[in-house]
Amino acid sequence: MRIRLDIAYDGTHFRGWAKQPGLRTVQGTIEEALARIVGPSAESAAGDPQASGPRLVVAGRTDAGVHATGQVAHVDLDAQQWARVATRNGRAALDPAASLASRIRGVLGQYPDATVSRTSLAPEGFDARFSAVWRRYRYRLADARAGYDPLLRHDTTTVRAVLDEGAMDAAAQTLIGLHDFAAYCKPREEGTTIRTLLDYRWSRDASGVLVAEVKADAFCHSMVRALVGACAAVGEGRLEVADLARLRDDLTRTSAFKVLAARGLTLTEVGYPADELLAARAEQTRNRRDHDD
């Protein structure tokens with residue numbers, strides 16, 4: 001039984017999404033809570049050394065300090081684990097898939113820094129990672145005009161300069177499209193840096209904080225933080241609007257701008273196609289990743 005989980009977290013005190021030995025991560029925290037509810041798999045209970053507890057597959061692994069309000073994952077439960085979800089205290093649950101979220105929140109406690117906002121039966125062919133068609137991030141940046149608000153210190157990066165949001169937005173627009181973003185990605189061996197940047201724009205919110213909205217089919221490592229750092233350099237006058245596309249097309253990492261801090265970055269939404277297209281999208285993405293790798 002495949003279950004979709006919609007997840008939110010404050011990434012401040014996590015060492016990223018992905019489970020790592022000896023470190024506190026979002027994946028590890030939620031998998032531990034889930035395991036207390038569904039128990040081990042049948043193979044694990046039978047002593048299979050290769051078996052393990054519930055394992056989450058996520059739409060996009062976030063780095064240490066990055067937050068999420070719209071993260072998506074899925075988990076596959078065997079018949080024995082599903083039976084523990086479907087019944088509670090000897091009674092059948094009215095909507096076991098939906099009620100699982102409440103049970104996970106109960107295990108996580110009253111004020112956790114990670115939560116499961118919703119659980120549901122995944123449609124046929126759904127894969128949280130490979131079925132996704134786009135991811136959207138938001139980045140919050142307070143300059144000298146906005147000032148510093150200590151209540152926002154965990155989700156807003158601060159710079160001392162006054163930034164020109166018009167120039168930043170114009171520079172962001174020059175990067176949209178299908179390109180090799182090697183100049184804006186931390187390289188990973190055998191990984192592709194070709195991405196389609198679907199939308200990138202800057203504006204100020206009511207409090208004066210600069211907010212970037214960035215949407216792409218997928219992002220490579222540190223790509224969003226590099227993109228916002230480059231635009232901040234434009235806003236400060238250290239780079240020209242046209243420089244960002246030129247740097248991108250050079251295909252090499254540069255010291256012309258700083259990669260900004262993780263604290264300002266939040267994954268806000270993951271987009272999926274219609275249910276009947278989920279399996280085809282997953283297959284298409286897997287084939288492309290296999291080819292790229």
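Hi everyone, let me start with a puzzle: Arg135 is buried, yet it has no salt bridge. The nearest side chain of opposite charge belongs to Asp217, and that is 6.8 Å away. Keep in mind that we are looking at a predicted model.

So what does the side chain of Arg135 reach? It reaches the backbone oxygen of Asp217, at 2.8 Å. A polar atom of the Arg135 side chain also lies 3.1 Å from the backbone oxygen of Arg129. If you want to find Arg135 on the screen, look in strand β7, residues 134–142. Its contacts beyond four places in sequence include Ala59, Val214, Phe219, Leu267 and Glu269.

Now let's visit some charged residues that do pair up. The count comes to 18 salt bridges, and I'll show you a few. Asp6 forms one with Arg4, with the closest N and O atoms 2.9 Å apart. Are Asp6 and Arg4 buried or exposed? Both are buried.

Compare that with Glu236 and Arg238, whose salt bridge has its closest N and O atoms 3.4 Å apart. Glu236 has 42% relative accessibility, so it counts as partly exposed. Arg238, at 46%, counts as partly exposed too.

Another pair sits in helix α7, residues 243–250: Arg246 and Asp250 are four residues apart there, about one turn of the helix. Their side chains meet in a salt bridge at 3.8 Å, N to O. Arg246 is partly exposed, at 42%, and Asp250 is partly exposed, at 43%. There is also a network of salt bridges, which links Asp143, Arg145, Glu165 and Arg204.

Next, the nonpolar side of the story. In soluble globular proteins, nonpolar side chains tend to be buried together. Here, the largest nonpolar core has 79 residues, and those with the most contacts inside it are Tyr184, Tyr200 and Trp202. Which helix gives this core its largest share? That is helix α6, residues 223–236, with ten residues. Let's zoom in on Tyr200: setting aside neighbours within four places in sequence, it is in contact with Leu175, Ile176, Val214, Leu227, Val228 and Cys231, among others.

Let's turn to helix α1, residues 26–38, which makes a nice check on helix geometry. At 1.5 Å a residue, its 13 residues should span 18 Å, and the end C-alpha atoms are indeed 18 Å apart, which agrees. Ten of those 13 residues are buried, so the rest of the structure largely encloses α1. Among the buried ones are Val26, Ile30, Leu34 and Val38. The buried residues of α1 pack against several elements, including β1, β3, α4 and β6. At the N-terminal end, Thr25 caps the helix, with a side-chain oxygen 3.0 Å from the backbone nitrogen of Gly28. Just after the helix, Gly39 takes a positive phi of about 75°.

Two last stops. Thr157, in strand β8, has 7% relative accessibility, so it counts as buried. Its side chain makes a polar contact with the side chain of Tyr139, at 2.7 Å.

Asp76, in strand β3, has 41% relative accessibility and therefore counts as partly exposed. Its side chain makes a polar contact with the side chain of Arg2, at 2.7 Å. Outside its neighbours within four places in sequence, Asp76 is also in contact with Met1 and Gln81.

That's my tour, and thanks for listening!

Key: Residues numbered from 1 in each chain as written. Predicted model: local features only at pLDDT ≥ 70, side-chain atom pairs only at ≥ 80, totals over all residues. Heavy atoms only, no water. Core = buried A, V, L, I, M, F, W, Y, C linked by side-chain atoms within 4.5 Å. Buried < 20%, exposed > 50% of the residue type's maximum accessible area, 1.4 Å probe, protein only. Helix = DSSP H or I, 4+ residues; strand = E, 2+ residues; numbered from the N terminus. Contact = heavy atoms within 4.5 Å. Expected span 1.5 Å × (residues − 1). Polar contact = N/O pair within 3.5 Å; in protein donor to acceptor, adjacent residues only side chain to side chain. Lys, Arg positive; Asp, Glu negative; His and termini not counted. Salt bridge = Lys/Arg side-chain N within 4 Å of Asp/Glu carboxyl O.
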